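Student: Could you walk me through a model, feature by feature? I would like to learn how to read burial and helix packing.

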Amino acid sequence: MIRRTAPPNLMVVFGASGDLAKRKLLPALFHLYRQKLLHKGFVVLGYARTAMSDDEFRTQIEEALRQHLENEHSDPFDAELWQGFVQNLYYQTGGYDDRAAFEALAARIAELDEAHPTQHNHLFYLATPPNVFEPITALLADVGLADAGDGGWTRLIVEKPFGHDLESAQKLNDHLLRLFREEQIYRIDHYLGKETVQNILVFRFGNGIFEPIWNRNYVDHVQITVSESLGVGARGGYYDKSGAIRDMVQNHMMQLVALTAMEPPVTYDAESVRNQKVNVLRSIRPIDPLEVNKWVVRAQYSAGVAGGEEIPGYLETEGIPPDSTTETYVAWKLEIDNWRWNGVPFYIRTGKALPTKVTEVNIMFRRPPLMYFNSREARGPRVHNSLTLRIQPDESIILGFDAKRPGPQLDVEQVSMDFVYNRAFGDSAISDAYERLLLDAILGDSTLFIRRDETELAWDRVTNVLEGWAIQEEILRRRGKTLPLPQYAAGTWGPMESDDLLAHHGHQWHAPVLNGGR
């Protein structure tokens, strides 16, 4: 195995006083440091509006890291290791649209380049609200930080949401590409750093028993579920401007569809992999906005109990207008018009306040042409053989198949064989997605990042749906009516209309069962 060690670099984290930096980015860098994957010449320079000294910033990160280790890893805090790590942490106060502040930032970067062996390699991470992406990047270019100098490199990581619809995504891409080259831009989706997501490609293309059957000849349909047990909570004001389709479908779920359905790349490199993902997204059949109800179901949760907590209805949540039509649940029947998947529906669903938090891809295989065991002795409904790729929690791969139950009668039952990451590789096997993605960005490996055309194709398909919903609401508004969205009680698996979407084709949703089995 080739050990991938990062080259020296200076990383500027914009929004360093925020939640993402404290909960994810700095802990991920600390774990990389602990594994000796960061070069001794690495530097992290936090930048945000909040006034802080270097020492105050270091104290905040130490507190966040202690909490992170206690809550998520149950690891003891290594004070000696921290003393080595903290010497490379710095902080700069400044606004996001203040040229003088960016000139001071450029001077601080030059100073740190001299004090540390960074080799003038610079990585800028936009862990900020999207409304400041453009001013930050424009000022980086204005003060000469967009181009690498003195033999180093410059890269930019952009967090989601990347646009609000197709037009805004194109506008943001146009802006960034006036300042940076495409190969410098790393549009991040943390789902792509998860072990099981990466393992989709290894599992598909590395195993001779599965690669030949991953097509329309053997697969009946595919289901992808991304469910959350929490409601919107205190994020109601933000969420109501987004909704489930923008929050989860356009990015995470479209990426899962692309990885599940893509053709084998010619070689395993960034351009080959991303070319095949783009081909899948291009093959997703666009929806006529006037026919959106045939393909897509949206709904809102009402009051109920999910994840052991009482959750008020979405429309009763603080910050949500009482007439809001923002969806907290969406189910979509996708058709992929290519040779491999013609006639195989891909059903995707995501929602808030569902029974449990789980993300999984279910490959449902065709039934045999002759069912010998449909006699009166056989009990229970016939179900598809299935392959479940569980991405979170309990990262695992589960194969479901029929077997005869012991005894004198012909009782056929669905059983499973499972591979669980932690059971196979140990409790510390699963690293945080940001560890992999940050290391890849420092190494210049863009395989798990999203290219411009991927972003815009995903937005194109989603924008068709958004336009269809807008047309529906406008027609009702002109008639003096409001749109009655389907409701589902918090703690249930969504509205009846979602079940009907599959039932019309003789299918039903796969019910996730956690803790490594069915």
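**Reading burial and packing**

Tutor: Gladly. Let us begin with Leu485, which is found in the loop between H14 and strand E17 (487-489). Keep in mind that this is a predicted model.

Student: Is Leu485 buried or exposed?

Tutor: The general idea is to compare relative accessible area with a cut-off: under 20% is buried. Leu485 has 11% relative accessibility, so this loop residue counts as buried.

Student: Which residues does Leu485 touch, apart from those up to four places away in sequence?

Tutor: Leu485 touches Arg298, Ala299, Gln300, Thr325, Thr326 and Glu327. There is also a C-alpha distance to look at: Leu485 and Val297 are 188 residues apart along the chain, yet their C-alpha atoms are separated by 9.4 Å.

Student: What would a buried residue in a helix look like?

Tutor: Try Thr137, which lies in helix H5 (residues 133-142). The relative accessible area of Thr137 is 0%, so this residue is buried. Beyond its neighbours within four places in sequence, Thr137 is in contact with Leu126, Leu156, His175, Leu176, Leu179 and Phe180.

Student: How many residues of helix H13 are buried?

Tutor: For a whole helix, we count its buried residues. In H13 (residues 433-443), nine of the eleven are buried, so the helix is largely enclosed by the rest of the structure. Those nine are Ala433, Tyr434, Glu435, Leu437, Leu438, Leu439, Asp440, Ala441 and Ile442.

Student: And what covers the buried residues of H13?

Tutor: The cover includes helix H1 (19-34) together with strands E1 (10-14), E4 (122-126), E5 (154-158) and E6 (185-187).

Student: Which residues have the most contacts inside the largest nonpolar core?

Tutor: They are Phe14 and Trp332, in a core of 151 residues. Helix H9 (residues 244-261) supplies the largest share of this core, eleven residues.

Student: Then let us look at H9. How do I read its packing against other helices?

Tutor: Take the distance between axes, then the angle, then the residues that meet. For H7 (residues 195-206) and H9, the axes come within 9 Å and cross at roughly 15°. Angles under 35 degrees count as roughly parallel, and therefore H7 and H9 are roughly parallel to each other. Their crossing is right-handed. On the H7 side the contact is made by Val197, Ile200, Leu201 and Arg204, and on the H9 side by Leu256, Leu259, Thr260 and Ala261. By class, that contact divides into six nonpolar, one polar and one charged.

Student: At what angle do H9 and H10 pack?

Tutor: H9 and H10 (residues 270-283) pack at about 110°, with their axes 9 Å apart. That makes H9 roughly perpendicular to H10. Here Met254, Gln255, Val257, Ala258, Leu259 and Ala261 of H9 meet Lys277, Val280 and Leu281 of H10. The residues of this contact are seven nonpolar, one polar and one charged.

Student: And how do H9 and H14 cross?

Tutor: The axes of H9 and H14 (residues 452-478) come within 10 Å, crossing at roughly 140°. That makes H9 oblique to H14. The crossing is right-handed. The contact residues divide into nine nonpolar, three polar and three charged.

Student: Which residues of H9 meet H14?

Tutor: Ile245, Arg246, Val249, Gln250, Met254 and Gln255 do. Their partners in H14 include Trp459, Arg461, Val462 and Trp469.

Technical notes
Residues are numbered from 1 along each chain as its sequence is written. This is a predicted model: local features need pLDDT of at least 70, side-chain atom pairs count only at pLDDT 80 or more; totals for chains, interfaces and linings use all residues. Side-chain values use heavy atoms; hydrogens and water are left out. A nonpolar core is a set of buried Ala, Val, Leu, Ile, Met, Phe, Trp, Tyr and Cys residues joined through side-chain atoms within 4.5 Å. Buried means under 20% relative accessible area, exposed over 50%, partly exposed in between (1.4 Å probe, protein chains only). Helices (H or I, at least four residues) and strands (E, at least two) are DSSP runs, numbered from the N terminus. Axes are lines fitted to C-alpha atoms, for helices over the stretch in contact, and angles run from 0 to 180 degrees between N-to-C directions. Angles under 35 degrees count as roughly parallel, over 145 as roughly antiparallel, 65 to 115 as roughly perpendicular and the rest as oblique. A crossing is left-handed if the near helix is turned anticlockwise from the far one by less than a right angle, and right-handed if clockwise. Contact means heavy atoms within 4.5 Å. Ala, Val, Leu, Ile, Met, Phe, Trp, Tyr, Cys and Pro count as nonpolar, Asp, Glu, Lys and Arg as charged, and the others, Gly among them, as polar.
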